[in-house]
Amino acid sequence: MRLSRYFLPVLKETPSEAQIVSHRLMLRAGMIKQAAAGIYSWLPLGFKVLNRIEQIVHDEQIRAGHIPMLMPTIQSADLWRESGRYDDYGEEMLRIKDRHGRDMLFGPTNEELITDIFRAHVNSYKDLPLTLYHIQWKFRDEVRPRFGVMRGREFLMKDGYNFDIDKDAALHAYNRHLVSYLRSYERMGLQAIPMRADGGPIGGDYTHEFLVLAETGESEVFYDSEITDLKFGAREVDYDSVPACQAVLEEFTSRYARTDETHDEGVFTAQVPETRRRSARGIEVGQIFYFGTKYSDAMGATVVGPDGTRTPVHMGSHGIGVSRLLGAIIEANHDDRGIIWPEGVTPFHAAIVNLKQGDADADAACEGLYKALVARGLEPLYDDRPERAGAKFATMDLIGLPWRLTVGPRGLAKGVVELTSRRTGTSEELTPEAAIDRLAQIYAEHV
Ligand code: ATP
Ligand code: MG
């Protein structure tokens with residue numbers, strides 16, 4: 001993409017309505033525009049990152065054997081009356097009447113709808129296990145929408161639902177989700193700690209929240225510092241294997257990590273040596289539940305078991321806050337000049353900054369780099385505007401592309417361009433070919 005032809009409405013001023021850094025930076029970098037309280041338009045740059053996050057979630061869900069689909073945003077109230085949640089959900093649910101006076105709602109979550117699909121089409125234990133998921137807009141009429149996309153009213157969520165024959169099988173699905181979530185966050189450049197949590201309105205005895213540590217997090221978290229060293233790396237997990245998923249779950253959850261609601265001071269002190277005790281703030285970027293037969297009992301979702309009798313299915317649900325993740329990633333990756341995207345989610349792979357637009361050699365070198373990057377499957381953002389170098393650097397720093405190629409007559413005379421890391425600020429002079437190879441190599445680890 002050439003910046004002269006892109007739509008990147010960056011703001012010079014710091015918007016006064018934004019209280020936290022990710023909200024400020026998303027507005028300043030021209031990623032979002034508020035349409036109403038807690039409701040945002042996704043401008044091209046924000047939309048690109050949103051898509052990258054979505055794609056990682058899809059990849060990792062499909063890798064775990066979960067099946068993508070799409071359910072509507074508007075639902076009929078009747079299904080929610082069956083589960084009893086139409087009355088229970090309260091003010092957070094946006095209730096709508098259609099022209100015939102029928103009660104409808106903008107879905108805050110989809111347990112009822114998916115259970116209805118299940119009971120209409122699945123009859124036998126032979127069709128289990130089954131996990132269906134979608135990535136779809138939700139609406140929750142939050143009392144205090146704030147912090148930009150972090151606590152919106154309309155927000156994008158990946159929500160998935162597993163159907164299993166019994167509790168053991170459903171707990172395997174739970175563990176599989178825990179593993180796939182950890183992998184997803186890691187690919188986004190995040191360290192998300194799984195914490196045992198409260199069930200809330202979705203209900204259930206087994207539930208973990210995934211928290212990203214950041215000063216602006218809404219919950220206080222207490223943890224063993226060793227937990228933040230845990231990494232997946234290149235490790236593959238056999239998702240069909242009960243012991244393999246169980247082993248990962250134990251590895252990542254056996255060390256102390258609790259939110260304020262579940263924290264037990266006594267246990268913390270007994271289990272964690274003083275030097276490893278930490279408390280911080282955390283942003284919830286996902287949650288998984290096993291809730292047994294709560295919805296299948298209420299809505300008659302049963303299958304014929306091996307012995308020929310009908311039995312209610314065991315279910316769980318799992319959510320990732322796709323749009324909230326943009327805020328969380330920025331909270332965890334920025335400096336005073338702007339955003340620093342992790343390679344896995346960056347909207348463009350590299351910036352090309354032409355220091356002397358209009359100079360035949362500099363222009364030709366930039367065009368050459370542009371074509372070479374595209375040929376290697378990478379997406380550059382080329383600042384081809386006739387601006388001062390300082391302004392070009394400031395824009396690229398603000399929007400946070402992790403790598404910048406700087407091209408100018410002085411370097412070209414020596415046959416080199418400059419490759420700069422946004423994160424460390426260090427630069428290297430390389431031939432254009434070597435710079436392209438380096439970038440291709442860096443991104444090969446992030447596909
Ligand atoms: P919270 O406690 O933050 O209100 P929740 O526990 O009600 O969230 P879940 O039902 O667990 O939310 O939804 C799954 C994920 O969706 C959450 O982990 C969070 O990342 C995201 N999410 C929930 N509410 C919002 C919101 N208002 N804006 C953006 N993302 C949200
Ligand atoms: Mg939650």
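Aromatic pairs make a friendly way into this predicted model, and the count of such pairs comes to 15. One of them joins tryptophan 80 and tyrosine 89, whose ring centres lie 5.8 Å apart. The planes of tryptophan 80 and tyrosine 89 meet at 80°, so this pair is edge-to-face, given that planes over 60 degrees apart fall in that class. Tryptophan 80 has a relative accessibility of 0% and therefore counts as buried. Tyrosine 89, at 12%, counts as buried too, because the cut-off for that label is under 20%.

A further pair brings together phenylalanine 106 and phenylalanine 139, with ring centres 5.6 Å apart. Here the planes stand at 50°, so the pair is tilted. This contact links distant parts of the chain, as its two members are 33 residues apart. Phenylalanine 106 belongs to strand β6, which covers residues 103-106, while phenylalanine 139 belongs to strand β7, covering residues 130-139. Both phenylalanine 106 and phenylalanine 139 are buried.

Aromatic rings can also be followed beyond these two pairs. Three tyrosines, Tyr174, Tyr206 and Tyr290, form one aromatic cluster.

Charged side chains come into the picture as well. Over the face of tyrosine 86 lies arginine 95, at 4.6 Å from the ring centre. Phenylalanine 232 has a charged partner of its own: the charged end of arginine 235 sits over its ring, 5.1 Å from the centre.

Note on methods: Residues are numbered from 1 along each chain as its sequence is written. Chains are lettered from A and ligands numbered from 1 in the order in which they are written. This is a predicted model: local features need pLDDT of at least 70, side-chain atom pairs count only at pLDDT 80 or more; totals for chains, interfaces and linings use all residues. Side-chain values use heavy atoms; hydrogens and water are left out. Rings of Phe, Tyr and Trp (its six-membered ring) pair if their centres lie within 6.5 Å; planes under 30 degrees apart count as stacked, over 60 as edge-to-face and the rest as tilted. Buried means under 20% relative accessible area, exposed over 50%, partly exposed in between (1.4 Å probe, protein chains only). Helices (H or I, at least four residues) and strands (E, at least two) are DSSP runs, numbered from the N terminus. A charge sits over a ring if NZ of Lys or CZ of Arg is within 6 Å of the ring centre and within 35 degrees of the ring normal.
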